[in-house]
Amino acid sequence: MAVAALLLASSSFAEKPGSIPAADQVPYPRGYREWQHVKSMVIYNERHPLFSAFGGIHHVYANAIATKSLKAGKPFEDGAVLVFDLLEIGKTPGGMNEGKRTFLAVMHRNAKKYAETDGWGWEVFENGDANQRAIQTLAAAKACSTCHKEVGAKGFTFADLRD
Amino acid sequence: MSRTSTNPSPVALFLLCALLLGGLANAQDAAQVPFPKGFREWTRVKSALVLDEKHPLFKVFSGFTHIYANPKALAALKSNGPFENGAAFVLDVLEVSDSSGAISEGPRKQLAVMVRDTERYKATGGWGFQTFQNGKKEKPRIKTVADAKACLDCHQQRANQRLIFSELSQ
């Protein structure tokens, strides 16, 4: 019975062309809020080319493996993870605060598994919810990696560790 | 007999002086807070931007600010329990660099520190206060207990939140 259910599940996956197999899905980055804070930025209006995709306050975090590479300026090893935590802008008189989470974008390094997308797995968790994956297909993941090719020389990552 | 009791020996005088000087040094020490070495690896608690004079903190804390907590401070935030001695918070205040619809982090303006020690900082609510100009260890701006009390005065409005403004953001 269990085997039959698994077979059914896998065949239904196979029916969606280009969908990412479960084994290749990027894991939710549990505990990332306590990882190294790399840098932050606010994208607040359409004069910025990334406003429609990434408008808000964002913080970038790196896990221990990724932090080691950022500090040493060395290539990222398998298991390196970077998280882009996008929050709404809460306006206060004369300032800005952090609002609720828009999404959590994740880059997960595995040179072999993600060879087709420059060695990184790409995922976006809507509202930061582990069950709301926005990147369903390889084509969607390629849209991420295509833009990141711009920083191919830096390991396909935009963020530098701030002082 | 009377000779020994009325004329203190040079050794005794030296010890007395050393004790007095030591006492003075301790009094000064009370306002001092160690530089928060390694704070960039602590947990980011929350962030805020203070951009113009409409914000009540503009004069003191304008900029792009991140608050970090060391492991002891983080444990107390999470459990809502008391802050142990050694718990520390850092306000990392950076310049605002505003261009083309985005605000980036600029150079460091100041690094404000609160560190918990109920004995050492008894005069200021059990917290030591310091701020390092441009994040430079050799540029502390809080020189006296009176300076530290000015910090505390403002933090008193959070007396019911253990004198702390930040809560761990989501």
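This is a short talk about how chain A and chain B meet in a predicted model.

Hi everyone, thanks for coming. Please keep in mind throughout that we are looking at a prediction.

Let me begin with chain A by itself. Its secondary structure adds up to 4 helices and 5 strands. If you walk along chain A from the N terminus, the order of elements is α-β-α-β-α-β-β-β-α. Taken along the principal axes, the C-alpha atoms of chain A occupy a box of roughly 60 × 35 × 30 Å. Chain A has 163 residues, and 44% of them count as buried. Now look at the contacts in chain A between residues at least 6 apart in sequence: 51% of these join residues at least 24 apart.

Now to the interface. How many residues does each chain bring to the contact? Chain B brings 32 residues, and chain A brings 32 residues. For those who like an area, the size of an interface is often given as the accessible area lost when the parts come together. Here the area buried between chain B and chain A is about 2500 Å², with carbon and sulfur atoms giving 43% of that. On the chain B side, the residues that lose the most area to chain A are B:Arg40, B:Arg44 and B:Gln170, and together they make up 28% of what that side buries.

What about polar chemistry? Between the two chains there are 27 residue pairs in polar contact, both partners at pLDDT 80 or more. Which parts of chain B supply the side that touches chain A? Strand 1 (43-50), strand 2 (63-69), helix 4 (71-79), strand 3 (88-99) and strand 4 (102-116) of chain B each give at least two residues. Strand 1 of chain B gives the most, with 8 residues. By residue type, the side of chain B that touches chain A splits into 12 nonpolar, 9 polar and 11 charged.

There are salt bridges too: 5 of them across the interface of chain B and chain A. One to find on your screen joins A:Lys71 to B:Glu41, where the closest N and O atoms are 2.4 Å apart.

Strand 1 of chain B also pairs with a strand from the other chain. Its partner is strand 4 (residues 95-109) of chain A, and the two run in the antiparallel sense over 3 bridges. Within strand 1 of chain B, B:Ala48 stands opposite A:Asn97.

Let's zoom in on two residues, starting with B:Arg44. This arginine sits in strand 1 of chain B. Is B:Arg44 buried or exposed? B:Arg44 counts as buried because its relative accessibility is 0%. Its side chain makes a polar contact with the side chain of A:His59, at 3.1 Å. Leaving aside residues up to four places away in sequence, B:Arg44 touches residues of chain A including A:Arg33, A:His37, A:Tyr61 and A:Glu98. From chain B, its neighbours include B:His66, B:Tyr68 and B:Leu168.

My other pick is A:Asp163, found in the segment after helix 4 (138-148) of chain A. With 69% relative accessibility, A:Asp163 counts as exposed. Even so, A:Asp163 touches B:Arg40 and B:Arg108, again not counting residues up to four places away in sequence. Within chain A, A:Asp163 and A:Asn63 are 100 residues apart in sequence, and their C-alpha atoms are 17 Å apart in space.

That's my tour, so over to you for questions!

Technical notes:
Residues are numbered from 1 along each chain as its sequence is written. Chains are lettered from A and ligands numbered from 1 in the order in which they are written. This is a predicted model: local features need pLDDT of at least 70, side-chain atom pairs count only at pLDDT 80 or more; totals for chains, interfaces and linings use all residues. Side-chain values use heavy atoms; hydrogens and water are left out. Contact means heavy atoms within 4.5 Å. Buried area is the accessible area (1.4 Å probe) that two parts lose on being put together, summed over both. A salt bridge is a side-chain nitrogen of Lys or Arg within 4 Å of a carboxyl oxygen of Asp or Glu. A polar contact is a pair of N or O atoms within 3.5 Å; within protein, one must be able to donate a hydrogen and the other to accept it, and residues adjacent in sequence count only if both atoms are side-chain atoms. Ala, Val, Leu, Ile, Met, Phe, Trp, Tyr, Cys and Pro count as nonpolar, Asp, Glu, Lys and Arg as charged, and the others, Gly among them, as polar. Two strands pair if DSSP finds at least two bridges between them. Buried means under 20% relative accessible area, exposed over 50%, partly exposed in between (1.4 Å probe, protein chains only).
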